[in-house]
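Got the viewer open? Let's take a walk around the aromatic rings, picking a few residues at a time.

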Amino acid sequence: MGDNNGTSTWKANAVSVGVLGLVHAAIEQPMFTPVGAAITQTQVNGKRFMDNLVDLYKRRALYRSLPAALVSSVPKSITHYYFLNMYVDRYLPGGDLEKATASQAALAGVFTGVTETFVTTPLNFVRYRMQRPEWGYSGTIDCVCKVRQVEGSLAFYKGLGPMLARNPICNGVAWYVLKTLDDVLPEFRGKWFVTG
């Protein structure tokens with residue numbers, strides 16, 4: 001995004017970030033999808049996490065939301081990194097995150113979090129619905145069609161408020177901490193792990 005090559009640069013960034021997002025999700029989601037499903041069940045039914053995990057296993061429902069999680073990873077990655085790069089290019093000194101103060105980096109993180117939340121809330125809504133076998137959807141497409149038909153298109157934005165309260169703050173804090181660590185301990189290689 002740093003060079004002014006316009007559309008081709010945007011497309012190259014979108015493709016590379018989309019592919020990396022899918023690779024990341026392909027590694028991460030098979031491990032975390034069952035955990036997320038059990039957490040969702042625990043939040044709803046009040047049973048213990050392990051009881052829900054075992055119950056989902058017995059019902060063969062641990063991976064119901066995996067397709068939705070994988071599909072949502074590409075637009076999430078593209079949105080997150082495209083808008084982060086855009087905010088850095090347009091609003092930070094010299095379009096360079098390295099030259100930004102911790103507060104400026106945090107502000108770019110907050111704006112990125114707001115944008116990302118508006119794009120990903122419908123995707124997360126479908127994923128959360130798929131984590132609950134009780135809803136009875138046969139798959140991701142069935143979930144999308146039935147929710148739209150029964151609850152309307154705005155239903156996909158249920159939970160937008162709490163997500164807007166969380167995501168921008170988390171992004172802002174992560175970038176603030178990263179820049180602070182970078183300024184205080186420039187050679188500390190673990191800073192990406194700490195902020196992740």
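**Aromatic stops**

Start by selecting W135: with 43% relative accessibility, this residue counts as partly exposed. Keep in mind as you look around that this is a predicted model.

Stay on W135 and add R129. The charged end of R129 sits over the W135 ring, 3.7 Å from its centre.

Now zoom out for a moment. How many aromatic pairs does a search of the whole structure find? Six of them.

Next, select F83 and Y87. Their ring centres are 6.2 Å apart and the planes meet at 35 degrees; stacked pairs need planes under 30 degrees apart and edge-to-face pairs over 60, so this pair is tilted. Show the backbone too: both residues belong to helix 3, which covers residues 66–91, and they are four residues apart, about one turn of the helix. Switch on a surface and check each one. F83, at 22% relative accessibility, counts as partly exposed, while Y87, at 13%, counts as buried.

Go back to W135 and select Y137 with it. Here the ring centres are 6.2 Å apart and the planes are at 5 degrees, so the pair is stacked. Is Y137 buried or exposed? Buried, with a relative accessibility of 7%.

For the last stop, select Y82, F83, Y87, Y91 and F111 together. Ring pairs link these residues into a cluster, and the tilted pair of F83 and Y87 that you looked at earlier is in there.

Notes
Residues are numbered from 1 along each chain as its sequence is written. This is a predicted model: local features need pLDDT of at least 70, side-chain atom pairs count only at pLDDT 80 or more; totals for chains, interfaces and linings use all residues. Side-chain values use heavy atoms; hydrogens and water are left out. Rings of Phe, Tyr and Trp (its six-membered ring) pair if their centres lie within 6.5 Å; planes under 30 degrees apart count as stacked, over 60 as edge-to-face and the rest as tilted. Helices (H or I, at least four residues) and strands (E, at least two) are DSSP runs, numbered from the N terminus. Buried means under 20% relative accessible area, exposed over 50%, partly exposed in between (1.4 Å probe, protein chains only). A charge sits over a ring if NZ of Lys or CZ of Arg is within 6 Å of the ring centre and within 35 degrees of the ring normal.
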